[in-house]
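Thank you all for making time this morning. I would like to walk you through one structure, so please have a look at it before I start describing what is there.

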Amino acid sequence: VRIHASGASTSIADNKLKNISVYPNPFSGFIAISNLTPATSNTMAEIFDVTGKRICEKISVSPQTVIEADNWENGLYFLHIQTETEEQTIKLIKTN
């Protein structure tokens, strides 16, 4: 069997956001997202719980964004951020 690949990369790591900071983690009342570049009007952030239910959606996320989470249940969440060219999912833990 011979496999020939062109110069295109299919690695997920190639599409990760660079220099992004999401804090605090674990979090209690809020999640802060900073250094989100490139952030455009099409940049979107979604947060899902462990069952896949979308808890929060923000469109047009700025480079410095705060998401309020006071009324969320304790547990594991996934923050998915997508720009026009890159995307990343980050695991978050909610505690009191």
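Let me begin with a word that I will use throughout: a residue is called buried when its relative accessible area is under 20%, exposed when that value is over 50%, and partly exposed in between. With that in hand, and keeping in mind that this is a predicted model, we can say that buried residues make up 32% of the 96 residues in the protein chain. The accessible surface of the protein chain comes to about 6300 Å², and 51% of that surface belongs to carbon and sulfur atoms.

As for the overall layout, the protein chain has 7 strands and 0 helices, so that, reading along the sequence, you meet the pattern β-β-β-β-β-β-β. If we take the contacts between residues at least 6 apart in sequence, 53% of them join residues at least 24 apart.

Let me turn to the sheet. Which strands form it, and in what order? There are 4 of them, arranged as E4-E3-E6-E7 in an open sheet with antiparallel pairing. Strand E4, residues 54-59, and strand E7, residues 87-94, stand at the edges, and because each has a single partner strand, one side of each is left without a neighbour in the sheet. On average, and ignoring direction, neighbouring strands of this sheet are turned by 15 degrees against each other. As general background, strands of a sheet pair through backbone hydrogen bonds, either parallel or antiparallel.

Looking at the individual pairings, strand E3, residues 44-49, runs antiparallel to strand E6, residues 75-82, and 6 bridges join the two. Within that pairing, Ile47 has Leu79 of E6 as its bridge partner, while Phe48 stands opposite Phe78 in E6. On to the next pair: E6 and E7 are joined in the antiparallel sense over 8 bridges, and they form a hairpin with 4 residues between them. Here Phe78 appears again, with Lys91 as its bridge partner in E7, and Gly75 stands opposite Lys94 in E7.

Please stay with E7 for a moment, since its two faces can be told apart. In general, the side chains of a regular strand alternate between the two faces of the sheet. In E7 the covered face consists of Gln88, Ile90, Leu92 and Lys94, and the uncovered face holds Glu87, Thr89, Lys91 and Ile93. Ile93 also belongs to a nonpolar patch on the surface, which it forms with Val50 and Leu76, and the three together have about 240 Å² of accessible area. Of these, Leu76 lies in strand E6, and with a relative accessibility of 30% Leu76 counts as partly exposed.

Now to a residue outside the sheet strands I have just described, namely Phe27. Is Phe27 buried or exposed? Its relative accessibility is 1%, and therefore Phe27 counts as buried. Phe27 sits in the loop between strand E1, residues 21-23, and strand E2, residues 30-34. Leaving aside residues up to four places away in sequence, Phe27 touches Ala69, Trp72, Tyr77, Leu92, Ile93, Lys94 and Thr95. One of these, Lys94, is 67 residues away from Phe27 in sequence, although the two C-alpha atoms are 5.1 Å apart in space.

I would like to finish with the charged side chains. How many salt bridges does a search of the whole structure find? The search finds 2, and they link Glu46, Arg54 and Glu57 in a network. Glu46 forms a salt bridge with Arg54, in which the closest N and O atoms are 2.5 Å apart, and the side chains of Glu57 and Arg54 meet in a salt bridge at 3.4 Å, N to O. As for their surroundings, Glu46 is buried, with a relative accessible area of 9%, whereas Arg54 is partly exposed at 43%, and Glu57 likewise counts as partly exposed, at 39% relative accessibility.

That is where I will stop, and I am happy to go back to any part of it.

Conventions
Residues numbered from 1 in each chain as written. Predicted model: local features only at pLDDT ≥ 70, side-chain atom pairs only at ≥ 80, totals over all residues. Heavy atoms only, no water. Salt bridge = Lys/Arg side-chain N within 4 Å of Asp/Glu carboxyl O. Buried < 20%, exposed > 50% of the residue type's maximum accessible area, 1.4 Å probe, protein only. Pairing = 2+ DSSP bridges. Axes fitted to C-alpha atoms, helices over the stretch in contact; angles between N-to-C directions. Patch = residues over 30% accessible without salt bridge, like charges linked within 9 Å, V, L, I, M, F, W, Y side chains within 5 Å. Areas by Shrake-Rupley, 256 points an atom, 1.4 Å probe, with all protein chains shown as cover. Contact = heavy atoms within 4.5 Å.
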